[in-house]
Amino acid sequence: MTAWTTRDIPKQDGRTFVVTGANSGLGAVAARALGAAGARVVLACRNVAAGEAVAREIGPAAQVRRLDLADLASVREFAAGIDEVDVLVNNAGVMAVPLRRTVDGFEMQIGTNHLGHFALTDLLLDRVTDRVVTMSSTMHRIGRIDLDDLNWLYRRYDRWLAYGQSKLANLLFTQELQRRLTERRSAVVAVAAHPGYSSTNLQSHTESIQDLFLGVANKLVGQSAQTGALPLLYAATAPGVEPGGYYGPGGLFEMRGSPERVESNSRSHDEAVARGLWELSAKLCAPAG
């Protein structure tokens, strides 16, 4: 792959994409590009007003549905309103926020970045016809899955390690989902992507002085959101993506550049941990009673 851009997206006429977090940042960029390629795009957003502004840019093929990944009731309500989907794009996320909990009591980063998307995928999978694409990060490399304390109830909280755990969970989820799809002889493919270092509003929501330093880093080394969304778009639309594959920028340290197949660390390929995480996630996301 060399210099793959949005001009290389195949025509998507008649296809439906659900994109979480499509009201801003990489999700908004991806939604616009998919709409320009002819797709029907469902913008799954917690901030509906911001999502509607993006949808107006895309045109009549776009619609906004409220989705709060930090609230499993909202996830279930959203999923119940979706009739068909060719590609599910699990893009939304939070990064390095202070310790707080979702409506269901999960640590916010694992709850939003992984568990919310796990529940959404589980609820929609019987309607997905092509792919499930999940956004991870190079920060998965600092992550470790603690199945005994996934939600940081007993450990001393570290916002960056919690973020790393959630991004590692995204990759383990993708690998385990692909194994299960293969066992079922399903034609649906699970893939993951990461944006490198992309300048988005994600870096301005740590609610700490780190926002200042991250803002400087955005200007010095960050690539644009338009470029950062390319690996996600490649994973979602390019023919011949590898089942269970991982796509990111091909430049130095995978920080920037055109999308290509990249490698994740060994922990992301631990099948025993992936199975354990899946089973725990299913238990945590099951409706009460």
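Author: Let us begin with a term: a cavity is a set of grid points where a 1.4 Å probe fits but cannot get out, and its lining residues are those with an atom within 4 Å of one of these points. The model we are reading is predicted.

Reader: With that term in hand, how many cavities of 30 Å³ or more does a search of the whole structure find?

Author: The general idea is that rolling a probe the size of a water molecule over the atoms shows where empty space is left. Here, the search of the whole structure finds two cavities that reach 30 Å³ or more. The largest cavity holds about 60 Å³ of space, whereas the second largest holds about 30 Å³.

Reader: Which residues line the largest cavity, and how does its lining divide by class?

Author: Its lining is made up of Leu-171, Gln-175, Gly-244, Tyr-246, Arg-261, Val-262, Glu-263, Ser-264, Ser-268 and His-269. Sorted by class, the lining of the largest cavity has three nonpolar, five polar and two charged residues.

Reader: And which helix gives the most to the lining of the second largest cavity?

Author: That is α9, which gives four residues. The lining of the second largest cavity consists of His-114, Phe-118, Leu-172, Phe-173, Glu-176, Ala-274, Leu-277, Trp-278 and Ser-281, and at least two residues come from each of α4 (108–124), α5 (159–183) and α9 (271–285). By class, the residues around the second largest cavity divide into six nonpolar, two polar and one charged.

Reader: Let me turn to the strands. In which sense do β4 and β5 pair, parallel or antiparallel?

Author: As background, in a regular strand the side chains alternate between the two faces of the sheet. In this model, strand β4 (residues 85–90) pairs with β5 in the parallel sense, over five bridges, and Leu-88 has Val-132 in β5 as its bridge partner. Between these two strands the chain passes through α4, making a β-α-β crossover that is right-handed.

Reader: What lies on from β5, and which residue stands opposite Val-132 in β6?

Author: β5 also pairs with strand β6 (residues 189–193), again in the parallel sense and over five bridges, and the residue that stands opposite Val-132 in β6 is Ala-190. Val-132 therefore belongs to a bridge with Leu-88 as well as standing opposite Ala-190. Taken together, β5, α5 and β6 form a right-handed β-α-β unit.

Reader: With which strand does β1 pair?

Author: Strand β1 (residues 16–20) pairs with β4 in the parallel sense over three bridges, and Phe-17 stands opposite Val-87 in β4.

Reader: How many residues of β4 and of β5 are buried?

Author: A residue is called buried when its relative accessible area is under 20%. Six of the six residues of β4 meet that cut-off, as do seven of the eight residues of strand β5 (residues 128–135).

Reader: Why is helix α8 largely enclosed by the rest of the structure?

Author: The reason lies in the count: eight of the eight residues of α8 (residues 230–237) are buried, so the helix is largely enclosed by the rest of the structure. The buried residues of α8 are Leu-230, Pro-231, Leu-232, Leu-233, Tyr-234, Ala-235, Ala-236 and Thr-237.

Reader: I would also like to read the backbone angles. What is the phi of Ala-96?

Author: In general, most residues other than glycine have a negative phi. Ala-96, although not a glycine, has a positive phi of about 55 degrees; Ala-96 sits in the loop between β4 and α4. Arg-185 likewise has a positive phi of about 55 degrees without being a glycine, and Arg-185 is placed in the loop between α5 and β6.

Reader: Is each of them buried or exposed?

Author: Ala-96 counts as buried, at 0% relative accessibility, whereas Arg-185 counts as exposed, at 80%.

Reader: Finally, what does the count of disulfides come to?

Author: A disulfide is a covalent bond between the sulfur atoms of two cysteines. With a pair of cysteine sulfur atoms within 2.5 Å as the cut-off, the count comes to zero disulfides. As for individual cysteines, Cys-45 is buried at 0% relative accessibility, and Cys-285 is buried with a relative accessible area of 9%.

Definitions and conventions:
Residues are numbered from 1 along each chain as its sequence is written. This is a predicted model: local features need pLDDT of at least 70, side-chain atom pairs count only at pLDDT 80 or more; totals for chains, interfaces and linings use all residues. Side-chain values use heavy atoms; hydrogens and water are left out. Buried means under 20% relative accessible area, exposed over 50%, partly exposed in between (1.4 Å probe, protein chains only). On a 1 Å grid over the protein atoms alone, a cavity is a set of points where a 1.4 Å probe fits but cannot get out, and a pocket is an open set with protein on both sides within 12 Å along at least five of seven lines; lining residues have an atom within 4 Å of a point. Grid points are joined across faces, edges and corners, and a volume is the space filled by probe spheres set on the points. Ala, Val, Leu, Ile, Met, Phe, Trp, Tyr, Cys and Pro count as nonpolar, Asp, Glu, Lys and Arg as charged, and the others, Gly among them, as polar. Two strands pair if DSSP finds at least two bridges between them. A crossover is right-handed if, with the strands pointing away from the viewer, the path from the first strand over the helix to the second runs clockwise.
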